[in-house]
Amino acid sequence: MKKRLIAVALVLVMVITLCACKGNTPKEPEPTTDPDGPTGEPIYGGELVVGIQADLDASLDPHVSSSSAGTREVLFNVFEGLVKPDSDGNLIPAIAASYDVNDQADEYTFTLREGVLFHNGNAVTVGDVVYSLSRAAGLDTGTPLVSDVAGIASVEAKDDKTVVIKLSAPDTEFLSHITTAIIPEGIDPNTEIVGTGPYKLASRTIQESVVFEKFDGYWGTPAYIDKVTLKLIDNSETLVMSLKSGAVDMATHLISSQVAELDNMNVLEGSSNAVQALYLNNAVVPFDNVKVRQALCYAIDKQAILDLAFDGHGSLLGSSMFPAFGKYFMDELTNYYEYNPEKAKELLKEAGLENGFGFTITVPSNMQQHVDTAQVIVQQLELVGVKAKINQVEWTTWLEETYRGRNFEGTIVSFDAHGVAASDLLARFQSTNGKNMINFNSEAYDAKYKEATSTTDDAAQTAAFKECERILTEEAANVYIQDVASFVALGKSFGGFEFYPLYVCDFSTIYKVAE
């Protein structure tokens, strides 16, 4: 058995070129010298109003609120697991202080941190950990709530500060999945939102706002801002107006055309750390034909999309992996399908669609980056005889009908990684995975994915995951486009925002400066 401290474990090899990246926790107040940020002493206290473009899930139960990346992004501030990611992609101590893993990578032993409190004032116990992970893994019901921990066979308390987790099969990436939220045993997480994070939920008005307050009993470095209000503004023009007027202090996931108007704000540029693609329903005609999917890959000019819709910002992709996952990212797949309309026409002819065909691209109306991408794609597809039309729907409709119901032909969104493991991006394409909304079905992929998650050899695992990416590209599971450039607008009296290699927003590092 090999003991490792979490603080120095599982450092992801990443190439991250993001602005304003700092350490994983806020430092004690120091004068800021950032020429693009505020000048003055960071102070504790104050309020922050954040404009969000999609409401959170109806339920904020952290074990089921995983369909919306925005929900996960916000609940990052409220809930914690045994470990959690920092802004450099490392897994760092949270509710656990250290762990042991056996040589077969099928048994993990965690030692809990002393003095961790829930927002209700109660101390975290091994019973809470056993309850939370058993619930998430579906050990009592047989139905996992969190797919990442579905491989847990048992969770047991060894003593009053030690928890032993046994897996049904070896999994060297399990540590990145154990970020699953720990909640108090016996509460109803649908009505009681109780975590251990730096912020606690104060109030929520559906389709309007969510208010968080600083948790004074937090075990770690305290948050700066006392109160954070998330204000739903699902119209992009209204959001920009609110930022310009000062009614909103901050907004994330903006695009270049929006921030161009914000001369009253500090604008930071990073990456979405998500895979934007024209996702195709592989189970419906004609996308059940690989030649049709490949034809669309040749018909779409990805660089033109970046130039026309995003002023050249963004990172082109060729499979379901983005650059921040350095050792897994395969840049050689980026231009696997060179823009070639004539090749697209040839493939359509071979597929019996010489005269083209028509289909609908369903896009969440509140996500301007995807609407803009769809508009360019429609024009490009016309050149090869494919008539696409855009159906803009509300976010909740997209979640229910497109994502969960799989009732669509094509859709443009970005899928993020909710952890720091390659499987966080690639698991969904297994034929039996509940998140496989595109109905991708490949025996070769399933076999290679199983190989990747079964080996304890890092080099062999990396090679297998890369082969999974290659299969997705060669079989044209989707038309991969880009990791969208992500702009953050922050009021000039605020500083401290940190980009993460994941789709999260850490409010605890943001501060106001003394005037």
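**Close-up views of helices H2, H12 and H13**

**View 1. Surroundings of helix H2 in the predicted model.** Strand E7 (107-112), strand E8 (152-159) and strand E9 (162-167) are among the elements that cover the buried residues of H2. Those buried residues are Val126, Asp128, Val129, Val130, Ser132, Leu133, Ser134, Ala136 and Ala137. Helix H2 is thus shown as mostly covered, with nine of its twelve residues buried.

**View 2. Extent of helix H2 and the residue that follows it.** Helix H2 comprises residues 126-137, twelve in number. From its first C-alpha to its last, H2 reaches 16 Å, close to the 16 Å expected at 1.5 Å a residue. Gly138, just after H2, takes a positive phi of about 70 degrees.

**View 3. Crossing of helices H12 and H13.** Helix H12 spans residues 443-454 and helix H13 spans residues 458-474. Their axes come within 8 Å and cross at roughly 160 degrees. Angles over 145 degrees count as roughly antiparallel, and H12 and H13 are therefore roughly antiparallel to each other. The crossing of the two helices is left-handed.

**View 4. Residues in the contact of H12 with H13.** On the H12 side, the contact is made by Ala444, Tyr445, Lys448, Tyr449, Glu451, Ala452 and Thr453. These meet Gln461, Ala464, Phe465, Glu467, Cys468, Ile471 and Leu472 in H13. By class, the residues of this contact divide into nine nonpolar, two polar and three charged.

Methods: Residues numbered from 1 in each chain as written. Predicted model: local features only at pLDDT ≥ 70, side-chain atom pairs only at ≥ 80, totals over all residues. Heavy atoms only, no water. Axes fitted to C-alpha atoms, helices over the stretch in contact; angles between N-to-C directions. Helix = DSSP H or I, 4+ residues; strand = E, 2+ residues; numbered from the N terminus. Parallel < 35°, antiparallel > 145°, perpendicular 65-115°, else oblique. Left-handed = near helix turned anticlockwise from the far one by under 90°. Contact = heavy atoms within 4.5 Å. Nonpolar A, V, L, I, M, F, W, Y, C, P; charged D, E, K, R; others polar. Expected span 1.5 Å × (residues − 1). Buried < 20%, exposed > 50% of the residue type's maximum accessible area, 1.4 Å probe, protein only.
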